[in-house]
Amino acid sequence: MLALVVVAHPCGDSLTHALAARAEAGLRTAGYAVALLDLYALGFRAAMSEAERTSYHEDQPILDPMVAGHANLIKQATVVVFVYPTWWSGLPAILKGWLERVIVPGVGFHFDERTGKVKPGLGHVRRLVGISTYGSPRSAVRLINDNGRRTISRALRLSCGVRTRTQWLGLYSVDNSTKSERQDFAASVERTMASL
């Protein structure tokens, strides 16, 4: 069983990276092989190129070898975990770009030529997990709709299947949190992943 962990934070010493490490440790305890993609460290390009957009509906929509490697991993994963800070009420640009460039036709979904409808391409994914930190309190995040969570838990889930479960772990008011609160949250991340 493969778990794919996608991390989006530019600083290697960030809380986000510490949470990703705890998630990876928990997943390994649960018996998963883990592939970790640190998008910034990999130099992942967020912006879709003109050539990629032009090829989007062609037989080969993926032109970049790095993107192809990431698509291959998500095609094998039964668990996909996203670890990122919520910025401007949503996903960091690099993670949004990852979704746009990796979850393309033939990977995330297929077009049924007979009916013209979209069919999920990630039916093998059994669980989507989001782990995010927020500068705002939970009440404020709910008020503005938590767009990153909606993108992963709703939009991406449509590319999976009706049986795919979603799980969300959020640390709110992180800027005002204590070291003990951050440590407790990190421990809960590892426990939760170990129980998958």
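This is a short tour of one strand and one charged surface patch in a predicted model.

**Stop one: strand S3.** Select residues 79-85, which make up strand S3. Seven of the seven residues here are buried, so the strand is largely enclosed by the rest of the structure. Now look at the two faces in turn. In a regular strand, side chains alternate between the two faces of the sheet. On one side of S3 you'll find Val-79, Val-81, Val-83 and Pro-85, and on the other Val-80, Phe-82 and Tyr-84. Both faces are covered, with every one of these residues buried.

**Stop two: the neighbours of S3.** Keep S3 on screen and add residues 2-7, strand S1. S1 and S3 pair in the parallel sense, over five bridges. To get your bearings, pick Val-5, which stands opposite Val-81 in S3. Next, add strand S6, residues 127-133. S6 also runs parallel to S3, and seven bridges join the two. A handy marker on this side is Pro-85, standing opposite Thr-133 in S6.

**Stop three: the positive patch.** Leave the strands and head for the surface. Select Arg-138, Arg-142, Arg-149, Arg-150 and Arg-154, which together form a positive patch. Which elements give two or more residues to the patch? Those are helix H5 (138-143) and helix H6 (147-155). H6 is the biggest contributor, giving three residues.

**Last stop: Arg-150.** Zoom in on Arg-150, which sits in helix H6. Is Arg-150 buried, partly exposed or exposed? Its relative accessibility is 37%, so Arg-150 counts as partly exposed, since that class lies between the under 20% of buried residues and the over 50% of exposed ones.

How values were computed:
Residues numbered from 1 in each chain as written. Predicted model: local features only at pLDDT ≥ 70, side-chain atom pairs only at ≥ 80, totals over all residues. Heavy atoms only, no water. Patch = residues over 30% accessible without salt bridge, like charges linked within 9 Å, V, L, I, M, F, W, Y side chains within 5 Å. Areas by Shrake-Rupley, 256 points an atom, 1.4 Å probe, with all protein chains shown as cover. Salt bridge = Lys/Arg side-chain N within 4 Å of Asp/Glu carboxyl O. Lys, Arg positive; Asp, Glu negative; His and termini not counted. Charge placed at Lys NZ, Arg CZ, Asp CG, Glu CD. Helix = DSSP H or I, 4+ residues; strand = E, 2+ residues; numbered from the N terminus. Buried < 20%, exposed > 50% of the residue type's maximum accessible area, 1.4 Å probe, protein only. Pairing = 2+ DSSP bridges.
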